[in-house]
Amino acid sequence: MSTIFSQIVAGDIPARVVYEDETTYAFLDANPLAPGHTLVIPKDEYERLDDVPDDVATDLYATIHRLVPAVEESVDADATTVAFNNGEAAGQEVPHVHCHIVPRFEGDGGGPIHAVAGDRPDLEDDELDDIAAEIESRA
Ligand code: 5GP
C-alpha cells in the first residue's frame, strides 16, 4: 500500500504541483497553515529522515533551498518556518518524509519552532555534557 504522497506523485490523486525533478516533488498542502504552505518530498517512499539515502537527501535539500525563496516571493511572506515532523510522536501523520515550508507574516499569531516541544526540561550541566557526548559519538 503506497502512501498518499506516492499516489500524488503517480498522478492518482490530484495536487497543486509546484516543482518536480528526477527524485523530488513539491506541491501545496491540502490543509494550508498559511497561503503558499508547500510540502517537499522525495519521490520514493522513506518514512523518516534517517531512512533517506545520502544522494536523495542532498537532492531534497536542494529542492527545499530552491523553493523557500520561490514560496516567500509568491505570497509576499516575511519569513518561513521550514520543518519536518520526523516520526509519529513528533506529529508525523503521513509516513513519507516531507518538509513543510510554511510562509510566515509579521503578526500572524504563530510561534517559533521552540513552541512545538511541550514543557522544557531542566537539565544540569553534567547531563548536557553527557547528551552532547552521546550525540557526538554517533554523528
Ligand atoms: P504531517 O502531519 O505528516 O507532518 O503533515 C502531513 C501534511 O500533509 C498535512 O499538513 C496535511 O494537510 C497534508 N496532506 C494530507 N493529505 C494530503 C493530500 O491528499 N494532499 C495534499 N496536498 N496534502 C495532504
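These legends describe close-up views of one predicted model.

Residues are numbered from 1 along each chain as its sequence is written. Because the model is predicted, local features need pLDDT of at least 70 and side-chain atom pairs count only at pLDDT 80 or more, while totals for chains, interfaces and linings use all residues; side-chain values use heavy atoms, with hydrogens and water left out.

**View 1. The whole chain holds three helices and five strands.**
Helices (H or I, at least four residues) and strands (E, at least two) are DSSP runs, numbered from the N terminus. Along the sequence, their pattern reads α-β-β-β-α-β-β-α. The C-alpha atoms fill a box of roughly 50 × 40 × 25 Å, taken along the principal axes. Of the 139 residues in the chain, 30% are buried. Here buried means under 20% relative accessible area, exposed means over 50%, and partly exposed lies in between (1.4 Å probe, protein chains only).

**View 2. Glu20 and Lys43 join in a salt bridge.**
A salt bridge is a side-chain nitrogen of Lys or Arg within 4 Å of a carboxyl oxygen of Asp or Glu. The whole structure has three of them. In the bridge between Glu20 and Lys43, the N to O distance is 2.8 Å. This pair links distant parts of the chain, 23 residues apart. Glu20 sits in strand E1 (residues 17-20), and Lys43 in the loop between strand E3 (38-42) and helix H2 (54-75). Glu20 is partly exposed, at 47% relative accessible area. Lys43 is buried, at 19%.

**View 3. Asp108 meets Arg104 in a salt bridge.**
The N to O distance is 2.8 Å. Asp108 is partly exposed, with 35% relative accessibility. Arg104 has 18%, so this residue counts as buried.

**View 4. Helix H3 lies largely in the open.**
H3 has 14 residues, and the number buried is zero. How far apart are the end C-alpha atoms of H3? They are 20 Å apart, which agrees with the span of 20 Å expected at 1.5 Å a residue. That expected span is 1.5 Å times one less than the number of residues.

**View 5. Arg138 and Glu134 form a salt bridge within helix H3.**
The closest N and O atoms are 2.6 Å apart. The two residues are four places apart in H3, so about one helical turn separates them. An α-helix has 3.6 residues a turn, so residues three or four places apart point the same way. Arg138 is exposed, at 63% relative accessibility. Glu134 is partly exposed, at 45%.

**View 6. Acidic residues gather in a patch of negative charge on the surface.**
The patch consists of Asp122, Glu124, Asp125, Asp126, Glu127, Asp129 and Asp130. Patches are made of residues with over 30% relative accessible area and no salt bridge; like charges are joined within 9 Å, and nonpolar side chains (Val, Leu, Ile, Met, Phe, Trp, Tyr) within 5 Å. Asp and Glu count as negative, Lys and Arg as positive; His and the chain ends are not counted. Asp122 belongs to the loop between strand E5 (99-104) and helix H3 (125-138). Asp122 is exposed, with a relative accessible area of 74%.

**View 7. Leu123, Leu128, Ile131 and Ile135 make a nonpolar surface patch.**
The patch covers about 340 Å². Accessible areas come from the Shrake-Rupley method with a 1.4 Å probe; for residues, only the protein chains shown count as cover. Ile135 is placed in helix H3. Is Ile135 buried or exposed? Ile135 is exposed, at 56% relative accessible area.

Notes: The place of a charge is taken as NZ of Lys, CZ of Arg, CG of Asp or CD of Glu.
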